[in-house]
Amino acid sequence: MRSKLTLENVDSIKSTSVRVDGCEINDNSIRCDFMLIAKEIEFYIELKGQDLEHALEQIKSTINRLSLNIKKGNKISYIICTRSPMSSSEIQNHKLDFRKKFNSKLEIKSSPFRDKY
């Protein structure tokens with residue numbers, strides 16, 4: 001089963017969707033699957049099976065390469081997985097780390113997941 005994320009643009013905000021993996025970044029570095037830019041919010045999206053550690057590294061690497069401002073600005077990072085092997089305390093630690101290092105909210109959710117912006 002493939003992971004699925006649906007982001008609903010409720011206010012029809014002008015947004016730009018970027019396929020990061022293989023398009024925006026096409027070298028051998030690690031990177032997440034997609035990026036969405038809407039107003040002043042950067043969304044980083046990784047659709048995963050269950051390797052959350054690798055997914056976290058993919059998003060961190062992409063933020064470091066593509067973010068307009070790594071430590072400032074609003075960011076939301078999504079990892080959508082088929083199942084999560086991490087404990088809730090590990091996930092909470094990663095959420096704090098993302099907030100501190102990247103000013104990014106981190107969402108680790110089971111697929112399929114739906115959100116609005």
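Two strands are taken to pair if DSSP finds at least two bridges between them. With that in mind, and remembering that this is a predicted model, begin in the middle of the sheet.

Select residues 41-48, which are strand E4, together with residues 74-81, which are strand E5: these two strands run parallel and are joined by 8 bridges. To look at a single pairing, pick Ile45, whose bridge partner in E5 is Tyr78.

Now widen the selection to the whole sheet, an open one of 5 strands with mixed pairing, in which the order reads E2-E3-E4-E5-E6. At its edges stand strand E2 (15-19) and strand E6 (104-110), and each has a single partner strand, so one side of each is left without a neighbour in the sheet. If you look along the sheet, the twist from one strand to the next averages 15°.

Next, add helix H1, which packs on the sheet and touches strand E3 (34-38) as well as E4, E5 and E6, its direction making about 150° with that of E4. Then bring in helix H2, which lies across E5 and E6 and runs at about 150° to E6.

Finally, keep only the two helices, residues 52-66 for H1 and residues 88-102 for H2, whose axes are 12 Å apart and which pack at an angle of about 10°. Angles under 35 degrees count as roughly parallel, and H1 and H2 are therefore roughly parallel to each other. Show side chains for Glu53, Leu56, Ile59, Lys60, Ile63 and Asn64 of H1, and for His94, Asp97, Phe98 and Phe102 of H2, since these residues make the contact. Coloured by character, the residues of this contact divide into 5 nonpolar, 2 polar and 3 charged.

Terms used:
Residues numbered from 1 in each chain as written. Predicted model: local features only at pLDDT ≥ 70, side-chain atom pairs only at ≥ 80, totals over all residues. Heavy atoms only, no water. Axes fitted to C-alpha atoms, helices over the stretch in contact; angles between N-to-C directions. Helix = DSSP H or I, 4+ residues; strand = E, 2+ residues; numbered from the N terminus. Parallel < 35°, antiparallel > 145°, perpendicular 65-115°, else oblique. Contact = heavy atoms within 4.5 Å. Nonpolar A, V, L, I, M, F, W, Y, C, P; charged D, E, K, R; others polar.
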